[in-house]
Amino acid sequence: MLPAKNALRHGYLRQSALKIRPPNQPLIRQVAKMSYVVQRGISEEQFHELWRNRKVSQRKRPFIPAIPISLDGETVDDVERMNAENPGPLYMTLVPDGPGLILAAYTVRASLGAEVAKLGEREGVLEQRSLGDCVDLGSANPDLVFFEHENLRGVAAGAPPFEKLSNLGDFSLTGSPFSDSWNDQMSSIAACRWSYSIFEHVNFQGNEMYINFPCSLNDLGSIGWSDRVSSIINWGSAPPGF
Ligand SMILES: [Ca+2]
């Protein structure tokens, strides 16, 4: 990783710099035609096997978001200390905080489920703010689409609803057998219709970030997730059973 990029990620950016939109007013950008490769994941049977047998592995790299984060309900003032004291997986989602957003992270996955349910009660429907523009891919493109670079640029691939991609290393970035894989490549996501989870490690392990529709993420770096997603689930339009 480049030192300059690293320096940017250490220290919070002002939320206004992240162009966070108020709730219920996503800027829908119409994209008539978007070229991406549809990726098919594992079977439901394989998924349940992997999901049951997930290991709690320690974080290999510190988790450093550029927006404020709370851990188990307490605001985190010292992110380095949070990483040192909590080496296990963090389960997180974006929640409204005044005019902006905060990452609500938990050390227990069931607590994330409770937060997601609370969000649903508060807003009437399960709905989150979008970190970036919501891109309407049109009915011909009904998938969750992820991109190599931020702001929905670079090579794109899509996961149809209910697909579980357990190892992005299995998917070639460009389609060539000599190309890099999608492992640790993703930097933005367009998902106006679906809720989904991204995971730090393969087989749905390590840190998990859960996102409700309609919520696109134009800059995964601002929430500490650029170039580190290794598995992904498109839960479809229904919230997952936590
Ligand atoms: Ca990874």
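# A walk through the two sheets

Start by selecting Ser-70: its bridge partner in β6 is Ala-104. Before you wander further, note that this is a predicted model, in which local features need pLDDT of at least 70, side-chain atom pairs count only at pLDDT 80 or more, and totals for chains, interfaces and linings use all residues. Residues are numbered from 1 along each chain as its sequence is written.

**The whole chain**

Zoom out. The protein chain has four helices and 14 strands; helices (H or I, at least four residues) and strands (E, at least two) are DSSP runs, numbered from the N terminus. Of its 242 residues, 38% are buried. Here a residue is buried if 20 or more other C-beta atoms lie within 10 Å of its own, exposed if 12 or fewer, and partly exposed in between, with C-beta atoms placed from the backbone. Contacts mean C-beta atoms, placed from the backbone, within 7 Å. Among contacts in the protein chain between residues at least 6 apart in sequence, 74% join residues at least 24 apart.

Now colour by pLDDT, the predictor's confidence in each residue, from 0 to 100. The protein chain has a mean of 80, and 74% of its residues reach 70 or more. Where is confidence lowest, and where is it highest? Helix α1 (residues 3-9) is at the bottom with a mean of 36, while β3 is at the top with 97. Over residues 1-27 the pLDDT is below 50, and beyond near neighbours in sequence this stretch has 33 contacts in the model. Where pLDDT is low, the predicted coordinates should not be read in detail.

**The eight-stranded sheet**

Select β4, β3, β6, β5, β13, β12, β14 and β10: in that order, these eight strands form an open sheet with mixed pairing. Strands pair if DSSP finds at least two bridges between them. At the edges stand β4 (74-75) and β10, each with a single partner strand, so one side of each is left without a neighbour in the sheet.

Go back to where you started. Strand β3 (residues 69-71) runs parallel to β6, and three bridges pair them. On to strand β5 (residues 91-97), which is antiparallel to β6 and joined to β6 by seven bridges. One pair to click on is Leu-94 with its bridge partner in β6, Leu-103. β5 and β6 form a hairpin with two residues between them, and Gly-98 in the turn has a positive phi of about 60°. β5 also runs parallel to β13, with three bridges between the two; look for Thr-93 opposite Tyr-210 in β13.

How many of the seven residues of strand β6 (residues 100-106) are buried? Six are, so the strand is largely enclosed by the rest of the structure.

**The nonpolar core**

Next, show the largest nonpolar core, a set of buried Ala, Val, Leu, Ile, Met, Phe, Trp, Tyr and Cys residues joined through C-beta atoms within 7 Å. Of its 48 residues, those touching the most other members are Met-92, Leu-103, Ala-105, Leu-144, Ala-191, Tyr-196 and Ile-232. β6 gives the most to this core, with six residues.

Centre on Leu-103. Leaving out residues up to four places away in sequence, Leu-103 touches Pro-65, Ile-67, Ile-69, Met-92, Leu-94 and Ile-223. Then jump to Ile-232 in strand β14. Ile-232 has 25 C-beta neighbours inside 10 Å, so it counts as buried. Again leaving out residues up to four places away in sequence, Ile-232 touches Ala-159, Leu-165, Leu-168, Tyr-196, Ile-198 and Phe-199. For a distance check, try Ile-232 and Asn-203: 29 residues apart in sequence, 8.8 Å apart C-alpha to C-alpha.

**Two loop stops**

Most residues other than glycine have a negative phi. Phe-162, in the loop between β9 (153-159) and β10 (164-165), has a positive phi of about 75°. With 15 C-beta neighbours inside 10 Å, Phe-162 counts as partly exposed.

Asp-227 sits in the loop between β13 (205-211) and β14 (231-236), with a positive phi of about 55°. Asp-227 has 15 C-beta neighbours inside 10 Å and counts as partly exposed.

**The four-stranded sheet**

Finish with β2, β9, β8 and β11, which form an open sheet in that order, again with mixed pairing. β2 (37-38) and β11 (188-190) are at the edges, each with a single partner strand, so one side of each is left without a neighbour in the sheet. Strand β8 (residues 144-149) pairs with β11 in the antiparallel sense over three bridges. Your last click is Phe-147, whose bridge partner in β11 is Ser-188.

Note on methods
Two residues are in contact if their C-beta atoms, placed from the backbone, lie within 7 Å.
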